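Grab your viewer and work through these short exercises. Each one sets a task, then walks through a solution.

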Amino acid sequence: MSYEKKLLQMKGLVKKNSSEQIKKEVSTYQLPFYTEKWIQHGLKLIQNEHGFLFVKESFYSNEHIHGNIALSKLNQAIKFMQNNYPEHPLTVSSNNSFSFYDTETTGLKGTGVLIFLNGILTKTNDGFLLKQFVLADPSQETAFLYASDFWKDTQTIITYNGKSFDLPQLITRWTMNRNFLPTLKQHDHIDLMHTSKRIWKGDLERFKLKQIEEQKLGFKRNGDIPGHLAPIIYFDAVKTGSPVNLMKVLKHNEWDILSLVTLYIITVDLMTKKDEVAESSVTYTNIGKWFQDLKTTEVSFDWFKFVVNHFPKEEACVAYMFLGLHLKRKKLFIESIQAFEESLKEISGKYRLKVYIELAKLYEHQQRDFESALKMTLKSAAYMDSLSDSISTQTKLRIEKELIKRRERISRKIIISRASAQHNKKRVQMP
């Protein structure tokens, strides 16, 4: 009988029997034949009211170095975000505890996929405690999930790609065992994969955690197992009783979680905007864009100024464009035009099209320089044709319609302006 059928059968028994009978039945479970062997390799057997599981606990002092970053910097990073940007997606709520979380599963998708390893790292008074909960065997899933304590107090869970994988998987498994378990709390969540993409888009080609470690965290794995082998290793450990390779999976999980801590630290460190420039203009421009998307206008404005002040003009072309938009909102139109003109020296793609359009608007409405406005409008139309493969048909049609209206309007203004100038010239020449 498959595990899922056994689970459904067990759920049927729950509906018929009292909670006391369930506890009695749980207590009759026999420990697996490999219990002593797993204990000898550093795992500890724990039992709860739902059954049993294994756990490995590892402690790290505040001075522990992972890659080239000390874990002691975490408290400072968390406090910096709470004090300076309390509404930012990277900020841990001051009302919440927090943990770093990573799972290993028996597959990637499907209702039959199990979590067999829950890695949860929390902060202690004098360091960090990592608890790695291991599913003793598939029949003990309820005990395994219950031990995570995710049913207790609300907290902030920090993951890497947890939004798409770890948390949905946890919710699925919790739902499958909902007749046994307390209700899963609604936790806050910070996904550092999305954070990494916001900050290093255009700077990094890949966003696998391993690449982030090597290029940003100063950490290189030696003797790591490929993640896709973890399910095979787990089932082999349960079948044969040998935990040797399973312990390598735990080490893989341990490195993942320690990298989450240092990734959070270095990400916040970038936002402190120290005098020393440690990243590219692309990275700092991305940070400014992130704050702009969050409607934190003055902060984003400061970031774009930081880029244009610390990098060569050819590297800061995108920052000049965003700076131009800010200056326009501040009604500093001359400065805005100057920033846009500077960005045109190197900028390309959709941003170049945007700069042409913004300059056309400024020349028409603020400078009343209709000749320059028409020139920029025509450049907009010509450049958009070269972008036909990178913008949607709907967007292209909308912009084309706007450009046609602008060109016709500006052309009329030019005719009126020229006629008025000619009329005034005649008046001056009259005796």
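**Exercise 1: the surroundings of H252**

H252 sits in helix 10, which covers residues 244–271. Keep in mind that the model is predicted.

Task: decide whether H252 is buried or exposed, and find which residues it touches beyond four places away in sequence.

Solution:
- Step 1. Start with accessibility: H252 has a relative accessible area of 11%. Buried means under 20%, so H252 is buried.
- Step 2. Now list the neighbours. Leaving out residues up to four places away in sequence, H252 touches E104, R221, D224, I225 and G227.
- Step 3. Zoom in on I225: its backbone oxygen lies 3.5 Å from a polar atom of the H252 side chain.

**Exercise 2: salt bridges around R221**

Task: R221 turned up among the contacts of H252. Work out which residues are linked with R221 in a network of salt bridges.

Solution:
- Step 1. The idea is simple: side chains of opposite charge can pair when their charged atoms come close. The cut-off to apply here is 4 Å between the side-chain nitrogen and the carboxyl oxygen.
- Step 2. Try E213. Its closest N and O atoms with R221 are 2.8 Å apart, and the pair forms a salt bridge.
- Step 3. Try D224. This one also bridges to R221, with the closest N and O atoms 3.2 Å apart.
- Step 4. Put the network together: E213, R221, D224 and D256 are linked by salt bridges.
- Step 5. Check burial. E213 is buried at 0% relative accessibility, and R221 is buried at 11%. D224 counts as partly exposed, at 27%.

For another pair, look at K152 and D149, a salt bridge with its closest N and O atoms 3.7 Å apart. K152 is partly exposed at 39% relative accessibility, and D149 is partly exposed at 33%. Searching the whole structure gives 21 salt bridges.

**Exercise 3: helix 11**

Task: check the span of helix 11 against 1.5 Å a residue, then say which helices its buried residues pack against.

Solution:
- Step 1. Helix 11 runs over residues 281–293, so 13 residues. The expected span uses one less than the number of residues, and comes to 18 Å.
- Step 2. Compare with the model: the end C-alpha atoms are 18 Å apart, which agrees.
- Step 3. Look at burial: 11 of the 13 residues are buried, including Y284, W290 and F291.
- Step 4. Find the partners. The buried residues pack against helix 7, helix 10, helix 12, helix 13 and helix 15. Helix 10 is also where H252 is placed.
- Step 5. Finish past the helix end: K295 follows helix 11 and has a positive phi, near 65 degrees.

Technical notes. Residues numbered from 1 in each chain as written. Predicted model: local features only at pLDDT ≥ 70, side-chain atom pairs only at ≥ 80, totals over all residues. Heavy atoms only, no water. Helix = DSSP H or I, 4+ residues; strand = E, 2+ residues; numbered from the N terminus. Buried < 20%, exposed > 50% of the residue type's maximum accessible area, 1.4 Å probe, protein only. Polar contact = N/O pair within 3.5 Å; in protein donor to acceptor, adjacent residues only side chain to side chain. Contact = heavy atoms within 4.5 Å.
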